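Visitor: I would like to go through this model term by term and ask what each description rests on.
Guide: Then let us begin with the structure itself.

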Amino acid sequence: RIKKVFCEFLDPQQPCRDLILYPHIGWGKSYLSTLITLYLTTCVTMMRDPHKFLGLNPATNLVQLLISYSLKKSSELLLEPYMQILGASPFFEKVHTKEGMIKAQAEFAESEEITKIYYTTASPTSALEFSGNLKIKLASSVQGLLGLSVISAVLSELAFFIDAGKSSEYILRMYNDTKSRIESRMHGNYFGRSILDSSPNTLDSAIDDFIVNEAHKDPKNYIVEGSMWKWEPEDYDMTHTFSVFIGGRGNP
């Protein structure tokens, strides 16, 4: 199912730019988000001139955002699995110092073929920096988006925001601000993508209400939803079922 959604969402013939992951807990949302982010990283990094291709100022920092309710949670849910994949792949080579990365960047820019991609955690302003100056940044607030040229973003486990005292309206604003920032820089470009990872909570939540009642109306949204028994029916006896009212419009 991870491979199927990956391929369909990233199909160049489709209009999808925003992935909404709304299935049950344990579906593999964070794993899929990590794989898509890394795919976009690889494509943009391997471009000869990504700024020219994307129509951006050469001085612009190209950024991919990993967002959750705290920087620590962003790191745990998204950055750490991402780095585990990097560390396991011979195609990515870690550079340990900022000076070493500057040298690697120069060699990368002059090379006629790409046999490996360099990255470092020694950047003073980003969690990761890649050949070609693409950066991975962590964020946990609307203010963290200011001034960034965002290529792609993942907003993960939004229920944690509510547990941390943020309103569902704040979450929806953060999601919309992130998408607006991507659109303003990328103008619908294939590589401009957002991923919303949110396990179902309650329809009294603005973000849940948006996903259930509004998101389907936009062809740019690719939506994944459904219970465990939808995705793994062989594990459940579906001969005896009953309906449950899950709330909404002020009713619990």
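Guide: This is a predicted model, and its accessible surface comes to about 12,900 Å², of which 55% belongs to carbon and sulfur atoms.

Visitor: How many helices and strands are there in the protein, and why is the protein called as compact as a globular protein of that length?
Guide: The protein has nine helices and nine strands. Its radius of gyration is 19 Å, and because the globule rule gives 18 Å for 252 residues, a value close to this one, the protein is as compact as a globular protein of that length. Along the principal axes, the C-alpha atoms fill a box of roughly 65 × 40 × 35 Å.

Visitor: What makes strand E8 count as mostly covered?
Guide: A residue is buried when its relative accessible area is under 20%, and five of the five residues of E8, which spans 193-197, are buried. Both faces are covered, with Arg 193, Ile 195 and Asp 197 buried on one side and Ser 194 and Leu 196 buried on the other. For the protein, 47% of the 252 residues count as buried.

Visitor: How do you know that strands E1 and E7 pair with E8?
Guide: Pairing requires at least two bridges between two strands. E1 (residues 18-23) and E8 share four bridges in the parallel sense, with Leu 21 opposite Asp 197, while five bridges join E7 (residues 149-156) to E8, also running parallel, and there Ala 153 stands opposite Ser 194. Both pairs therefore meet the requirement of at least two bridges.

Terms used: Residues numbered from 1 in each chain as written. Predicted model: local features only at pLDDT ≥ 70, side-chain atom pairs only at ≥ 80, totals over all residues. Heavy atoms only, no water. Rg over C-alpha atoms; globule rule 2.2 N^0.38 Å. Buried < 20%, exposed > 50% of the residue type's maximum accessible area, 1.4 Å probe, protein only. Areas by Shrake-Rupley, 256 points an atom, 1.4 Å probe, with all protein chains shown as cover.
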